[in-house]
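Got your viewer open? Load the model, pick a cartoon view with side chains on demand, and follow along stop by stop.

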Amino acid sequence: MRVKSHNWTNEELTLIHDTTFSVREVAEKLRMRIGTVGNKRKELGIKNDQSAVMSRPRPNRIKNETRCCVGKDCTNTFVVKPAMKKKYCSHSCQLRTENVAKKGIGSRTIRNPRIKEYTKYARKVHGLSHKVYEQNKEIINPTNHPRTLCGVDGGWQLDHIITIKECFERGVSAKDASAVSNLRMLPWRDNLMRQYVN
């Protein structure tokens with residue numbers, strides 16, 4: 001069912017023709033829907049004067065601010081929202097100025113200096129062991145046991161015959177600790193209990 005068209009008064013039409021008001025403002029003044037006012041403006045061929053609408057201050061709008069870069073020998077400025085903590089114009093400017101070893105800055109190749117030597121060694125051995133296992137799977141796991149985590153029924157794990165800790169204490173290289181001759185498959189329970197035997 002089609003709704004009857006609205007009979008526009010001269011005052012309403014005058015307000016609609018005034019492009020210094022936005023469609024929303026006219027709709028609020030006339031107590032109409034925004035779509036009704038917008039459609040009438042479109043029907044009359046009236047375009048909004050965007051410059052007049054945009055020049056009025058908006059109370060809730062967050063304004064950007066211009067900051068100067070604090071980077072070493074940098075004179076650039078940049079625009080940000082006031083809540084942002086940005087102090088540099090670019091990442092490269094930050095790298096030239098700040099301590100590169102600081103967490104979250106710089107190259108990913110920089111490692112945490114607090115990691116213990118044993119932890120570094122163990123990670124390296126585990127990585128090499130995985131590669132050696134993939135290359136020599138038929139020698140290390142000829143019966144093709146499923147490799148799993150602890151707690152999985154029927155699961156097996158890759159075990160180091162001479163433990164990684166022993167190899168580290170003896171000064172054995174990570175490559176020798178992860179050699180085929182030092183790897184074997186064990187059921188996860190047996191592998192788990194090895195740490196309590198010694």
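Start by selecting Asn182, and keep in mind that this is a predicted model. Is Asn182 buried or exposed? Its relative accessibility is 6%, and buried means under 20%, so Asn182 counts as buried. You'll find Asn182 in the loop that runs between α9 (174-177) and β4 (183-187). Now show what surrounds it: setting aside neighbours within four places in sequence, Asn182 is in contact with Asp159, His160, Ile161, Ile162, Cys167, Asp176 and Ala177.

Keep Asp159 and His160 on screen, since they lead to the next stop. Which residues lie nearest the centre of the largest pocket? They are His126, Asp159, His160, Ile164 and Asn191, out of 24 residues that line the pocket. Put a surface on if you like; the volume comes to about 720 Å³. To see where the walls come from, colour α6 (117-135), β3 (156-160), α8 (164-170) and α10 (188-197), each of which gives at least two residues to the lining. Colour the lining by class instead, and you get 8 nonpolar, 10 polar and 6 charged residues.

Next, jump to helix α3, residues 34-44. Select Val37, Lys40 and Arg41, the buried residues of this helix. Look down the axis of α3: these buried residues sit within an arc of 100°, so they line one face of the helix. Bring in α1 (10-17) and α2 (23-30), which are among the things covering those residues. Then spin round to the face turned away from the buried side, where Asn39, Lys42 and Glu43 are exposed.

While you're here, click on Gly38, also in α3. Gly38 has a relative accessibility of 23%, so it counts as partly exposed. Draw a distance from its C-alpha to that of Ile16: the two residues are 22 apart along the chain, and the C-alpha atoms are separated by 8.9 Å. Just past the end of α3, stop at Gly45, which takes a positive phi of about 75°.

Last stop: the strand pair. Select β1 (residues 65-68) together with β2; they run antiparallel, joined by 4 bridges. One pairing to pick out is Thr66, whose bridge partner in β2 is Val79. Now turn on side chains along β2, residues 77-80. Which of them point to the buried face? Phe78 and Val80 do, while Thr77 and Val79 point to the other face and are not buried. That's the regular strand habit, with side chains alternating between the two faces of the sheet.

Technical notes. Residues numbered from 1 in each chain as written. Predicted model: local features only at pLDDT ≥ 70, side-chain atom pairs only at ≥ 80, totals over all residues. Heavy atoms only, no water. Buried < 20%, exposed > 50% of the residue type's maximum accessible area, 1.4 Å probe, protein only. Pairing = 2+ DSSP bridges. 1 Å grid on protein atoms, 1.4 Å probe; cavity = no way out; pocket = protein on both sides within 12 Å on 5 of 7 lines; lining within 4 Å. Points joined across faces, edges and corners; volume = space filled by probe spheres on them. Nonpolar A, V, L, I, M, F, W, Y, C, P; charged D, E, K, R; others polar. Arc of directions from axis to C-beta. Contact = heavy atoms within 4.5 Å.
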